[in-house]
Amino acid sequence: MFMGSKIRSLRMAAFDLESVLTPEIWKAVAAHSRVEEFGLTTRDSGNYGELMRHRMRLCREHGYTLAKLREVVADMSPFSGAADLIGWLQQRMRVVILSDTFYELAQPLLGRLRGALALCHHLRIDAEGYICGYRLWSLDAKREAVKSFRRIGYEVRAVGDSYNDLNMLKEADRGCFFSAREELARKYPQFPKLQEYEELRLFLDPND
């Protein structure tokens with residue numbers, strides 16, 4: 001429920017999940033398995049299909065079924081202050097998480113973010129419990145989501161950290177990087193590079 005005089009109707013904050021609100025799931029898997037290659041993310045590659053094929057191969061080679069991956073995620077928590085930021089924003093505007101992770105994998109983390117709406121992909125699991133494929137909720141999903149929200153009247157401010165967030169940031173009314181690599185921020189200077197949640201509060205609701 002929206003409460004109080006500070007609510008601005010038809011405004012939305014759109015977040016990437018990993019490295020913005022939570023640690024990277026696959027980096028946690030890399031630490032758990034001691035297999036460094038698991039730690040590659042969309043920060044390292046703009047080719048999501050190639051990255052996922054690499055991950056599926058590693059999971060099978062090292063015995064990481066979905067159940068075992070979920071054990072790793074169950075021990076993870078959002079970054080300090082992330083849930084408070086989401087709760088603060090929910091009193092002022094709509095909040096949505098647009099992520100290239102998967103519901104089946106990320107549910108324990110998503111449940112710790114104040115019930116924010118999350119749009120994610122879905123995994124396909126084989127009879128042995130391994131990831132064998134995935135289903136995207138949309139092609140160029142983050143951009144299409146922001147485009148749709150704007151079409152129905154929302155002003156969207158978007159927050160991301162990596163290559164797969166670029167189209168979302170470009171489509172939004174305003175976009176920024178959060179904890180992005182310096183090389184990416186230098187390449188796209190039109191997006192402010194923020195490092196602290198207090199900076200995000202000002203970016204997302206400067207009139208508070």
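Is Ser179 buried, exposed or partly exposed? Ser179 is partly exposed, with a relative accessible area of 21%. The points below take the structure part by part.

1. **Confidence.** This is a predicted model. The mean pLDDT of the protein chain is 91, and 93% of the residues score at least 70. Residues 1-8 are a weak stretch, since pLDDT stays under 50 there. For residues 1-8 the model has 17 contacts beyond four places in sequence.

2. **The sheet.** Seven strands make up an open sheet, and their pairing is mixed. Read across the sheet, the order is E4-E3-E2-E1-E5-E6-E7. Strand E4 (131-135) and strand E7 (193-194) are the edge strands, each pairing on one side only. In general, strands of a sheet pair through backbone hydrogen bonds, in either a parallel or an antiparallel way.

3. **E5 and its two neighbours.** On one side, E5 pairs with E1 in the parallel sense over five bridges. One of the partnerships to look at is that of Ala14 with Ala158 in E5. Strand E5 (residues 155-160) also runs parallel to strand E6 (residues 174-178), and four bridges join E5 to E6. Here Val159 has Cys176 of E6 as its bridge partner, while Gly160 stands opposite Phe177 in E6. Five of the six residues of E5 are buried, so this strand is largely enclosed by the rest of the structure.

4. **The crossover from E5 to E6.** How does the chain get from one of these strands to the other? Helix H7 (residues 166-171) joins with E5 and E6 in a β-α-β unit, and this unit is right-handed. Asp165 sits in the loop between E5 and H7. Asp165 is buried, with a relative accessible area of 0%. Leaving aside residues up to four places away in sequence, Asp165 touches Asp16, Lys142 and Gly160.

5. **Ala14 in strand E1.** Ala14 belongs to strand E1 and is buried, its relative accessible area being 0%. Which residues does Ala14 touch, not counting those up to four places away in sequence? They are Val96, Leu98, Val156, Arg157, Ala158 and Val159. Of these, Ala158 is also the bridge partner of Ala14 in E5. Ala14 and Val95 show how positions separated in sequence can be brought together: they are 81 residues apart in sequence and 6.1 Å apart in space, C-alpha to C-alpha.

6. **Ala127, for contrast.** Ala127 lies in the loop between strand E3 (117-125) and E4. Is Ala127 buried or exposed? Ala127 is exposed, with a relative accessible area of 89%. Ala127 and Glu37 are 90 residues apart in sequence, and their C-alpha atoms are 25 Å apart in space.

7. **Cysteines.** The structure holds zero disulfides. Why is Cys120 not bonded to Cys59? The sulfur of Cys59 is the closest cysteine sulfur to that of Cys120, but the two are 17 Å apart, which is too far for a bond. A disulfide would need the sulfur atoms within 2.5 Å. Cys120 counts as buried, at 2% relative accessibility. Cys176 is in no disulfide either: the nearest cysteine sulfur, that of Cys120, is 19 Å away. Cys176 is buried too, with a relative accessible area of 0%.

8. **Two serines with positive phi.** Ser19 has a positive phi of about 75° although it is not a glycine. Its place is in the loop between E1 and helix H1 (25-33). At 11% relative accessibility, Ser19 counts as buried, because the cut-off for that class is under 20%. Ser179, the residue of the opening question, also has a positive phi, near 55°, and is not a glycine. Ser179 is found in the loop between E6 and helix H8 (182-187). With its relative accessible area of 21%, Ser179 is partly exposed.

Definitions and conventions:
Residues numbered from 1 in each chain as written. Predicted model: local features only at pLDDT ≥ 70, side-chain atom pairs only at ≥ 80, totals over all residues. Heavy atoms only, no water. Pairing = 2+ DSSP bridges. Buried < 20%, exposed > 50% of the residue type's maximum accessible area, 1.4 Å probe, protein only. Right-handed = clockwise from strand over helix to strand, strands pointing away. pLDDT = per-residue confidence, 0-100. Contact = heavy atoms within 4.5 Å.
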